[in-house]
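Work through the exercises below with the structure in view. Each task is followed by a solution in steps.

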Amino acid sequence: MDKLINDFSFGLFFWQALILLVLILLLVKFAWKPIMESITAREEGIKNALLSAENAKREMENLQADNQRILNEARAERDAMLKEAREMKEKMIADSKNEAQEAGQKMIEQAKAAIQSEKNAAMAEVKAQVSTLSLTIAEKLLKEELSNKESQTKLVEKLLGDVKLN
């Protein structure tokens, strides 16, 4: 350090100071303005990026809220549709049961009517057979002696014993 102080020269110092000042002036004139403009532009870019990020964050929050709302609406709609489907199923089952009961009731009524018809037909046939038998008995009685009451009674009993009613 002593050597530097001993070797100090004002001329060299002057020229170095002058070169430094010229270099600073050149830098201020040609480099400082573009550097400051680029720094300012970068600062603006960073601010815009931060604002865009903040806006994107708000938009994402809004979208999430909308998505949640839409999801809740879809769930409510799905639940309503399921409830409606269950009600329709229960109504269809009840309608089917009622139709089956009505069909069964109709079949029972038809069977009763058929039974009654068969019963009436059987009764008519029995009446026809009885009337035929009565006529046959009367005819045979008339052919026999009408005077002998005892023989007539025996004949009626014999004929009735021969006839079998179904």
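A salt bridge is a side-chain nitrogen of Lys or Arg within 4 Å of a carboxyl oxygen of Asp or Glu. The model used here is predicted.

**Exercise 1.** Decide whether the contact between the side chains of Arg-78 and Asp-79 is a salt bridge, and state how accessible the two residues are.

*Solution.*
Step 1. The N to O distance between Arg-78 and Asp-79 is 3.1 Å.
Step 2. The cut-off is 4 Å, and the side chains of Arg-78 and Asp-79 do meet in a salt bridge.
Step 3. Arg-78 has a relative accessible area of 46% and is partly exposed. Asp-79, at 41% relative accessibility, also counts as partly exposed, because the partly exposed class lies between 20% and 50%.

**Exercise 2.** Find how many salt bridges the whole structure holds, and describe the one between Asp-95 and Lys-91.

*Solution.*
Step 1. A search of the whole structure gives 5 salt bridges.
Step 2. In the bridge between Asp-95 and Lys-91, N and O are 3.4 Å apart.
Step 3. Both residues, Asp-95 and Lys-91, belong to helix H2, and 4 residues, about one turn of the helix, separate them.
Step 4. Asp-95 is partly exposed at 33% relative accessible area. Lys-91 reaches 54% and therefore counts as exposed, the limit being over 50%.

**Exercise 3.** Place the salt bridge of Asp-66 and Arg-69 in its helix, and name the network around it.

*Solution.*
Step 1. The closest N and O atoms of Asp-66 and Arg-69 are 4.0 Å apart.
Step 2. Asp-66 and Arg-69 lie 3 residues apart, about one turn, in helix H2, which covers residues 10–143.
Step 3. Asp-66 has 34% relative accessible area and is partly exposed; Arg-69 is partly exposed as well, at 42%.
Step 4. Salt bridges link Asp-66, Arg-69 and Glu-73 in a network.

**Exercise 4.** Compare the UniProt annotations with the model, and describe the aromatic pair of Phe-14 and Trp-15.

*Solution.*
Step 1. An unreviewed UniProt entry annotates residues 12–32 as "transmembrane region". In the model, residues 12–32 are 100% helix, with end C-alpha atoms 27 Å apart.
Step 2. UniProt (unreviewed entry) lists residues 46–102 as "coiled-coil region". Residues 46–102 are 100% helix too, and their end C-alpha atoms are 82 Å apart.
Step 3. The whole structure contains 1 aromatic pair. Phe-14 and Trp-15 form this pair, with ring centres 5.5 Å apart and planes at 70°, which is edge-to-face.
Step 4. Trp-15 is exposed, with a relative accessible area of 52%.

How values were computed. Residues are numbered from 1 along each chain as its sequence is written. This is a predicted model: local features need pLDDT of at least 70, side-chain atom pairs count only at pLDDT 80 or more; totals for chains, interfaces and linings use all residues. Side-chain values use heavy atoms; hydrogens and water are left out. UniProt positions are given in the numbering used here, feature names are shortened, and annotations may be inferred rather than shown by experiment. Helices (H or I, at least four residues) and strands (E, at least two) are DSSP runs, numbered from the N terminus. Rings of Phe, Tyr and Trp (its six-membered ring) pair if their centres lie within 6.5 Å; planes under 30 degrees apart count as stacked, over 60 as edge-to-face and the rest as tilted. Buried means under 20% relative accessible area, exposed over 50%, partly exposed in between (1.4 Å probe, protein chains only).
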